[in-house]
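Colleague: I have not looked at this one before. Can you walk me through it?
Modeller: Sure, here it is.

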Amino acid sequence: MVDMPQQPLAQVPQDAVWDWQEHGSCRKADPSLFFHPQNERGSARRSRDLAAKAVCASCPVRIECADYAVRAREPYGVWGGLTEEEREAIYARIDIAEYPRQRGQGAIAAAEEIDQALRPLAVIA
Ligand code: SF4
């Protein structure tokens, strides 16, 4: 995997654990679904994001994954069914002084967005 630059406020939470990744549905999926190639735009990006969301939809650790990504302010990729743009909106809405860093707090702070993240799949179903 290519090392990606991190946003200034992106950071791995101190209490991060990784055991949930062992159970992620993406372990059997094409990794390129989850991270956009350079200069990907428009319908190509939407299609790839939707394909990644479809994998996340049946993932047994989706909430843990989304919680981690929100807490880490993960800048790249689809995590927990949330695209980069959807997470950017979460990062922008939460005051950095009150930003969730403890395990489980990200899922609570972004519960509505996590719930809505898979709704685009219903439109194309
Ligand atoms: S929610 Fe999606 S990105 Fe996260 S572990 Fe599951 S399949 Fe992978």
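**Val70, the core and the ligand shell**

Modeller: Let me start with one residue: Val70 touches Arg87, Ile90, Pro100, Gly106, Ala109 and Ala110, leaving aside residues up to four places away in sequence. Keep in mind that this is a predicted model.

Colleague: Where is Val70 found?
Modeller: In helix α2, which covers residues 62–72.

Colleague: And is Val70 buried or exposed?
Modeller: Val70 is buried, because it has 28 C-beta neighbours inside 10 Å and the cut-off for buried is 20 or more.

Colleague: How far apart are the C-alpha atoms of Val70 and Leu82?
Modeller: They are separated by 9.3 Å, with the two residues 12 apart along the chain.

Colleague: Leu82, does that turn up elsewhere? What is in the largest nonpolar core?
Modeller: That core has 19 residues, and Ala66, Ala69 and Leu82 have the most contacts inside it. Both α1 and α2 give two or more residues to this core. The largest share comes from α2, with five residues.

Colleague: What does Ala69 touch?
Modeller: Not counting residues up to four places away in sequence, Ala69 is in contact with Glu74, Trp79, Gly80, Leu82 and Arg87. Arg87 is also on the list for Val70.

Colleague: Changing topic, the ligand. How many residues surround it?
Modeller: There are 14, and the closest are Gly24, Cys26, Cys56, Cys59 and Cys65.

Colleague: Which helices supply at least two residues of that shell?
Modeller: α1 and α2 each do.

Colleague: How do the shell residues divide into nonpolar, polar and charged?
Modeller: Nine are nonpolar, four are polar and one is charged.

Colleague: Now the backbone. Which residue other than glycine has a phi near 70°?
Modeller: Asn39, where the value is positive. Asn39 is in the segment before α1, the helix of residues 42–57.

Colleague: Why is Asn39 classed as exposed?
Modeller: Because it has 7 other C-beta atoms within 10 Å, and 12 or fewer counts as exposed.

Colleague: What about Arg73, what is its phi?
Modeller: About 50°, again positive, and Arg73 is not a glycine. Arg73 is found in the loop between α2 and α3, the latter being residues 84–93.

Colleague: Is Arg73 buried or exposed?
Modeller: Arg73 is buried, with 23 other C-beta atoms within 10 Å. So Arg73 is in a loop and buried, whereas Asn39 is exposed.

Note on methods: Residues are numbered from 1 along each chain as its sequence is written. This is a predicted model: local features need pLDDT of at least 70, side-chain atom pairs count only at pLDDT 80 or more; totals for chains, interfaces and linings use all residues. Helices (H or I, at least four residues) and strands (E, at least two) are DSSP runs, numbered from the N terminus. Two residues are in contact if their C-beta atoms, placed from the backbone, lie within 7 Å. A residue is near a molecule or strand if its C-beta atom, placed from the backbone, lies within 6 Å of it. Ala, Val, Leu, Ile, Met, Phe, Trp, Tyr, Cys and Pro count as nonpolar, Asp, Glu, Lys and Arg as charged, and the others, Gly among them, as polar. A nonpolar core is a set of buried Ala, Val, Leu, Ile, Met, Phe, Trp, Tyr and Cys residues joined through C-beta atoms within 7 Å.
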